[in-house]
Amino acid sequence: MIEAIRSAMDVSMGRDEKVVVFGEDVGYFGGVFRCTQGLQQKYGVTRCFDAPINEAGIVGAAIGMAAYGLRPCVEIQFADYVYPAYDQIVSEAARVRYRSNGQFTCPIVVRMPTGGGIFGGQTHSQSPEALFTHVSGLKVVVPSNPQDAKGLLIAAIEDPDPVIFLEPKRLYNGPFDGHHDRPVTPWSKHPLGEVEEGHFTVPLGQAQIHRPGAAVTVLAYGTMVYVAEAAAGESGIDAEVIDLRTLLPLDLDTVVASVKKTRRCVVVHEATLTSGFGAELAALVQEECFWHLEAPVARVAGYDTPYPHAQEWDYFPGPQRVAEALSATMEA
Amino acid sequence: MSEPEPLRLHVPEPEVRPGDEPDFSHVQIPKAGSVPRPEIDVDPREIRDLAYSIIRVLNRQGEAVGPWAGTLTEEELRDGLRHMMTLRAFDARMQNAQRQGKTSFYMQHMGEEAVSCAFRRALEPGDMNFPTYRQAGLLIAGGYPMVEMMNQIFSNEADPLKGRQLPIMYSSKEHGFFSISGNLATQFIQAVGWAMASAISRDTRIAAGWIGDGSTAESDFHAALVFASTYRAPVVLNIVNNQWAISTYQGIARGGSGTFAARGHGFGIPSLRVDGNDYLAVHAVAKWAVERARRNLGPTLIEHVTYRVGAHSSSDDPSAYRPKTESDAWPLGDPVIRLKNHLIRIGAWSDERHTQAEAEIMDGVVAAQREAEKHGTLHSGGKPSTRDMFEGVYATMPPHLRRQRQKAGV
């Protein structure tokens with residue numbers, strides 16, 4: 001998936017000289033996860049460069065560059081570090097088009113690795129997507145496989161509005177399904193690891209049915225797509241797993257069609273439960289599908305604690321917790 | 001050795017408060033013409049003293065003196081005077097309109113007119129300002145129609161920003177004026193980013209960032225200086241030190257630093273202080289900094305030393321926190337009167353012409369207001385539609401907003 005993300009930036013920089021890439025350790029070294037490796041050598045230091053450790057500065061400078069007419073794609077080293085830039089994202093990037101009535105726009109992408117499962121503790125594991133889906137003017141994307149990651153990132157870079165691009169870091173190397181005690185199949189040996197060459201896009205705002213099923217709809221994104229798939233396989237419940245891919249704007253049509261078909265719904269995310277994006281999903285499902293539902297909409301999420309270190313796998317909503325929710329929803 | 005005393009927290013206080021005699025004896029004012037003008041490619045280490053002095057051109061006799069004088073022709077100076085007088089008349093009318101309920105809020109410039117009016121004259125078409133809420137002189141001196149400004153203030157049907165923004169939070173790309181945020185300091189680093197983009201693109205245009213003395217305490221100020229310094233961005237970073245951040249005197253943001261300009265030293269950025277009430281000095285220093293930026297010599301930090309004569313905004317009453325007569329005691333005088341006296345001194349103006357110009361300018365402002373009010377004011381006449389509220393959040397309206405708009409019946 002790292003190669004796919006890198007390829008998306010490479011292709012975009014090659015096609016449009018307005019695309020610039022910067023962030024902490026992003027230039028010479030190519031990023032701590034190596035997502036920008038080789039871009040500085042290929043496109044020069046003024047199009048891919050290291051930034052000072054100042055997230056507000058990185059995003060603030062990107063907003064100014066976008067107002068000028070460039071298309072910056074910046075990296076925040078971990079999603080957990082984005083908060084100093086929150087004012088720039090919420091009060092500025094998201095609002096510039098609206099408040100200037102389109103005189104100035106903000107076509108920036110803010111990439112950041114998200115999610116846990118790497119023993120990163122509370123500063124390298126968070127999933128802050130709901131802090132961004134709450135903000136009008138932003139788009140929020142979470143890819144779950146290399147092909148999507150490349151196509152969505154190219155689409156995000158080409159999008160006329162600011163996009164928060166959350167990369168589940170536990171998926172960088174393969175489709176991790178929550179079984180932390182088992183090896184992960186590398187993307188090179190997985191069908192979704194095959195990535196198209198060159199330029200293509202996966203449109204923002206379109207969900208994908210990851211695993212078709214008839215018994216219950218699971219709404220998931222990022223790492224949880226594979227956790228839900230594993231839970232369905234292991235529980236024997238024929239769940240339809242929807243990979244939302246874009247949280248904002250949400251592909252509500254795909255969600256509603258599936259829930260009306262299965263008449264049951266479980267919402268899964270790694271982020272903390274309270275006011276998480278799952279709350280929005282559950283509310284939408286009951287608004288749109290109430291008279292079709294056979295059971296209450298269930299949520300499986302991270303506990304409302306900071307992301308712990310030693311207890312990482314107690315915290316992580318793994319296949320067993322998802323399977324329990326599937327069973328409970330089927331029995332309701 | 002004896003035991004140390006218990007620790008004490010230092011909370012700075014201004015020299016005077018309401019009821020006290022105004023006292024600006026702590027503001028050291030060098031003689032006009034006394035501060036040298038270095039070459040634009042000077043090593044910043046050689047001009048560190050400029051961050052502790054004040055560059056002044058106009059002396060008490062109204063003469064333009066010293067090495068910073070002579071950047072403007074008589075005609076340009078008369079234009080400058082008209083710009084400042086226009087801004088003052090505009091403010092007077094709009095303050096009044098706010099009191100009459102024609103808008104919700106207003107912020108005026110009294111005493112600070114020279115800063116934005118003179119700075120604008122040093123820029124070229126295509127350069128971009130990232131202003132705060134007290135630089136409307138950039139628009140007035142840049143030829144932006146007053147009617148458009150008033151339409152925005154009245155949030156009427158002709159408001160170029162469709163009623164979405166607080167009054168005076170203008171935006172005009174065409175006039176090099178980035179959309180005002182209202183959140184403080186965010187624009188300072190954006191100005192640096194814009195300038196970096198211009199350099200990345202091998203363009204010739206430069207940016208100017210604006211911030212108040214109080215907001216220099218924000219982290220974004222530090223971000224801007226780090227980025228400007230690291231990438232030698234073609235940007236002029238302006239601090240408008242008008243002594244007061246609402247009720248908080250400038251010492252709270254400045255702390256132990258001698259001046260705000262001196263903040264630039266740690267970043268290796270040439271840093272100058274200028275008499276912000278001296279139109280000629282502001283222009284000369286702006287020109288110096290703009291030329292540095294344009295010639296790839298990197299950023300400049302300018303502290304404009306001025307005084308906010310009026311209230312912070314229409315929601316503020318300064319008599320609650322500073323002596324009522326403090327503005328009369330401000331040692332740098334009034335920018336309009338100083339430029340007027342200079343023009344009279346050099347035989348390019350007269351009291352009669354000034355009185356006549358005042359009347360003409362006020363007529364122009366009143367006519368603009370009449371025109372704007374035809375399109376409505378905040379609570380009466382034409383106003384932006386509810387549909388406008390839903391538009392422009394994104395380039396293309398996403399389905400969830402479309403559903404909400406439909407539900408709202410618009």
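Trainee: How does H8(A) pass H12(A), in a left-handed or a right-handed crossing?

Mentor: In this predicted model, H8(A) crosses H12(A) in the right-handed sense. The residues that make this contact are A:Val227, A:Ala228, A:Ala230, A:Ala231, A:Ala232, A:Glu234 and A:Ser235 on H8(A), with A:Pro319, A:Val322, A:Ala323, A:Leu326 and A:Ser327 on H12(A).

Trainee: How is the contact of H8(A) with H12(A) divided by class?

Mentor: There are 9 nonpolar, 2 polar and 1 charged residues in it. The charged one is A:Glu234, and the polar ones are A:Ser235 and A:Ser327, because Glu counts as charged and Ser as polar.

Trainee: What is the angle between helix H8 (residues 224-235) and helix H12 (residues 319-331) of chain A, and why is H8(A) called oblique to H12(A)?

Mentor: These two helices of chain A pack at about 60°, and their axes are 8 Å apart. H8(A) is therefore oblique to H12(A). An angle under 35 degrees would be roughly parallel and one from 65 to 115 roughly perpendicular, so about 60° belongs to neither class.

Trainee: What makes H1(B) oblique to H2(B)?

Mentor: Helix H1 (residues 74-99) and helix H2 (residues 113-120) of chain B form an angle of about 135°, with 10 Å between their axes. H1(B) is consequently oblique to H2(B). Roughly antiparallel would need an angle over 145 degrees and roughly perpendicular one of 65 to 115, so about 135° satisfies neither condition. The crossing of H1(B) past H2(B) is right-handed.

Trainee: Which residues of H1(B) and H2(B) meet, and how do they divide by class?

Mentor: From H1(B) come B:Gly80, B:His83, B:Met84, B:Leu87 and B:Arg88, and from H2(B) come B:Glu113, B:Ala114, B:Cys117 and B:Ala118. This contact has 5 nonpolar, 2 polar and 2 charged residues. B:Arg88 and B:Glu113 are the charged ones, because Arg and Glu belong to that class.

Trainee: Why is H5(B) called roughly parallel to H6(B)?

Mentor: H5(B) and H6(B) pack at about 20°, their axes being 7 Å apart. That value makes H5(B) roughly parallel to H6(B), because the cut-off for this term is an angle under 35 degrees. H5(B) passes H6(B) in a left-handed crossing. B:Thr186, B:Phe188, B:Ile189, B:Val192 and B:Met196 of H5(B) contact B:Asp220, B:Phe221, B:Ala223, B:Ala224, B:Phe227, B:Ala228 and B:Tyr231 of H6(B). By class, the contact of H5(B) with H6(B) comprises 10 nonpolar, 1 polar and 1 charged residues.

Trainee: Which helices of chain B supply residues to the side that touches chain A?

Mentor: The contact between the chains involves 36 residues from chain B and 37 residues from chain A. Helix H5 (186-200), helix H6 (219-231) and helix H13 (399-408) of chain B each give at least two residues to the side of chain B that touches chain A. H5(B) has the largest share of that side, 11 residues. The side of chain B that touches chain A consists of 18 nonpolar, 14 polar and 4 charged residues.

Trainee: What confidence does the predictor give to chain B and to the complex?

Mentor: Chain B has a mean pLDDT of 97, and 100% of its residues reach 70 or more. For the complex, ipTM is 0.97 and pTM is 0.97.

Trainee: Which domains are assigned in chain A, and how many residues does each give to their contact?

Mentor: The domain assignment of chain A lists domain 1 (2-193) and domain 2 (208-331). Their C-alpha centres are 25 Å apart. Domain 1 of chain A gives 30 residues to the contact and domain 2 of chain A gives 29 residues.

Trainee: What kind of peptide bond joins A:Leu248 and A:Pro249, and where is A:Pro249 placed?

Mentor: The bond is cis, with omega about -5°. A:Pro249 lies in the loop between strand E10 (246-248) and helix H9 (252-262) of chain A.

Trainee: What is the phi of A:Arg245?

Mentor: A:Arg245 has a positive phi of about 65°, although this residue is not a glycine. A:Arg245 is in the loop between strand E9 (239-243) and E10 of chain A.

Conventions
Residues are numbered from 1 along each chain as its sequence is written. Chains are lettered from A and ligands numbered from 1 in the order in which they are written. This is a predicted model: local features need pLDDT of at least 70, side-chain atom pairs count only at pLDDT 80 or more; totals for chains, interfaces and linings use all residues. Two residues are in contact if their C-beta atoms, placed from the backbone, lie within 7 Å. Helices (H or I, at least four residues) and strands (E, at least two) are DSSP runs, numbered from the N terminus. pLDDT is the predictor's confidence in each residue, from 0 to 100. Domain bounds come from an automatic or database domain assignment. Axes are lines fitted to C-alpha atoms, for helices over the stretch in contact, and angles run from 0 to 180 degrees between N-to-C directions. A crossing is left-handed if the near helix is turned anticlockwise from the far one by less than a right angle, and right-handed if clockwise.
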